[in-house]
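Me: I've got a chain here that I'd like to talk through. Can you take my questions as they come?

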Amino acid sequence: VIYAIADSADRESRSFWRIEVPAGTAEHLWGVDPGARQMALSPDGSLIAFSSNGSSSADNYLNYDIWLLDIEGQATRRLTSRAGPEVSPVWAPDGHSIVFSAPQSTRLVHSQTELFRVSAAGGAPQLLTGAFDRSVIQHRWPTAGELMFTAAVGTYTHLFVRRTDGAIEGVLSAAFNFGPFDARGVGSTIYTVRESASQAPELWRLAGADAEQLTTLNPQTAGWSPGRQSVIQWTAPDGLAIEGLLVFPAEYSEGDRYPLLVNPGGGQGTRVRNVLTGPGGYHLYSAQGYAVLTANVRGSIGYGEGFLTARRNDMAGGELTDLLAGIDYLIELGIADSTRLAVFGQGYSGYSAARAVTRTRRFDAAVAHFDYDEAELQLEQNLSTPLLLIDAAAEIAAAERGPHADSDIFFRTLRWFDRYLKFDGADIFDFYLVGEWVTGPNGWQSRVQRTIPDAGYSGLEPDDGRYLEIVVDFRPDPDAQRVRTLELDPTAAISLVAPDRSQLRTAGVVTEIFGREALASDSTTLMSIAPPTTGTSLVSLRLAFEVPHAAAEYRLRIAGFAPIRIWVPGGS
């Protein structure tokens, strides 16, 4: 038998139904309240406890109360009337009381979720988890046991039991996040959804030390090779301990610094969990060579009521302070490159990302993805960081083009980050061809005059693969009003982007010594191209790169110029 809630055809009311399985018959029990939610049948089957705000608007969240329906008499009465929402009613096994969840403080919009018990006969609710100081996620009261619940503990969700004497003890913890669960009581077999930093959500059977996976709903994850993911902690300037999640680049090498993407993640009564399938797609960016930091800034659940309600001043106020301290920590550790930082987010974290770039100029790029197209964001005039705004209208437009809307949004975002954190503001998806002039800084143009695969130089052999020589010309832009000296370090400012997006630095500048071609690879070489005093000046630069023998398409990147597409045929 299943008891369920259903909307009426006109959606003006909601009804309770009793469904016989497998017969498939349905009996209408009651229905006039459009705000009815989350029902629970009493042990004797005579009463239904439910929460309702009296209206069909789910946005009217603060006005949910616990009600009782006498099924036979078709009469309802209200059990709770606290300020704030009372939701998720669960009957005690004896049928004399009901446990529900509600915020600890009725004065604060975001306050820790606690468990309360109220008598079915009425009266004042009793707080059950006041001394626990962690936010409750879900609760059940097994018929043969004591009250059990899951709660947010930092970046994890653990399972607890409340003993009859009021003591609260851990049941399931470790580095796992536990979801919906069922059990006959503590000590019996527990069925639960479990996930971790390396395992996608699946249903598990847990009996003592034995753990059996019962489902394989995410088989595609078996072939994943994600970057390392770690929970880290740092200290904010005011001394508050902040916890976050760091996803390392997939090809991380200790000692190297990487571009860092920062997602505000937590705050406003939410949090970041240490799981593989995070909502930000962090591992997708990790696979592209980025480190990703997401933080449970002040205002996040899982750290107690004091942390959840800590003064934040305003959006992106104390929260931004926490984020910047985390960035400094990763720079200090030698992981993040301080010259390549970006911030991004969706929903509230999107607002935080957009506001952040009006408060600091430390970020080189930002992406803000909003859930509602009617949302308005007033940006201050001192905004200098390249900011990509994506709203619901753009997302809907992408969805109408086919089933790959999420991919479309991801690649738009990735393209933005690549442009400003890897390619000096040039769009890697926009390119010129060999022979075409490309406008660049200081009034100059450049072009690839020709390419020479399998080039050879006196007494030199590549370490692996072969040499590719690229001849680049520079000239003053005919349309430029002013031309200034162009300074380039060929070994630092010029690179060849490989198909896997790795950047190949020059093996050297081709020079002629005693009639023979050689490579000058002095990294301190600085090339200065001065404006011509009269007429038009053409300066040529011959560069050599080590490339594999296989045929491939490359992009030549010169700092300040758009990339140039170069096709290299297969070689010996």
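Reply: Sure. One definition to start with: helices (H or I, at least four residues) and strands (E, at least two) are DSSP runs, numbered from the N terminus. Keep in mind that this is a predicted model.

Me: Fine. Where does Q74 sit?

Reply: Two strands matter here, β6 (65–70) and β7 (75–78). Q74 belongs to neither run, and its place is the loop between β6 and β7.

Me: Is Q74 buried, partly exposed or exposed?

Reply: Buried means under 20% relative accessible area and exposed means over 50%. Q74 comes out at 40%, so the label is partly exposed.

Me: What is phi of Q74 near?

Reply: Most residues other than glycine have a negative phi. Q74 is not a glycine, yet its phi is positive, near 55°.

Me: A174 has a positive phi too, near 60°. Which strands flank A174, and what is its relative accessible area?

Reply: A174 is in the loop between β15 (168–172) and β16 (177–183). Partly exposed runs between the 20% and 50% cut-offs. A174 falls in that class, with a relative accessible area of 47%.

Me: What about the peptide bond from V21 to P22, cis or trans?

Reply: Most peptide bonds are trans. P22 lies in the loop between β2 (14–19) and β3 (26–30). With omega near 10°, the bond from V21 to P22 is cis.

Me: Now the whole protein. Is it a compact globule or more spread out?

Reply: The secondary structure comes to seven helices and 39 strands. For 572 residues the globule rule gives 25 Å, but the radius of gyration is 31 Å, well over that, so the protein is more spread out than a compact globule. Along the principal axes, the C-alpha atoms fill a box of roughly 105 × 50 × 50 Å.

Me: How much of the protein is buried?

Reply: The accessible surface is about 27400 Å², and 48% of that belongs to carbon and sulfur atoms. Counting by residue, out of 572, the buried share is 46%.

Me: Which element gives the most to the largest nonpolar core?

Reply: In soluble globular proteins, nonpolar side chains tend to be buried together. Here the largest nonpolar core has 33 residues, and W234, L260, I327, L330 and F363 have the most contacts inside it. Elements giving two or more residues include β20 (229–235), β22 (258–263), α3 (318–332) and α4 (348–359). The top contributor, with seven residues, is α3.

Me: How many residues does the other core have?

Reply: That core lies apart from the largest one. Among its members are V472, L488, L496 and I558, and its residues number 29.

Me: Which residues does L330 touch, beyond those up to four places away in sequence?

Reply: L330 is one of the residues with the most contacts inside the largest core. Contact here means heavy atoms within 4.5 Å. Leaving out its sequence neighbors up to four places away, L330 touches I232, L246, L260, L293, I335 and A336.

Me: Last one, P548. Which residues does P548 touch, again not counting those up to four places away?

Reply: P548 is in the loop between β37 (539–547) and β38 (552–558), and at 46% relative accessibility it counts as partly exposed. Its C-alpha is 9.7 Å from that of S572, 24 residues apart along the chain. The residues P548 touches are G465, R466 and Y554.

Definitions and conventions. Residues numbered from 1 in each chain as written. Predicted model: local features only at pLDDT ≥ 70, side-chain atom pairs only at ≥ 80, totals over all residues. Heavy atoms only, no water. Buried < 20%, exposed > 50% of the residue type's maximum accessible area, 1.4 Å probe, protein only. Core = buried A, V, L, I, M, F, W, Y, C linked by side-chain atoms within 4.5 Å. Rg over C-alpha atoms; globule rule 2.2 N^0.38 Å. Areas by Shrake-Rupley, 256 points an atom, 1.4 Å probe, with all protein chains shown as cover.
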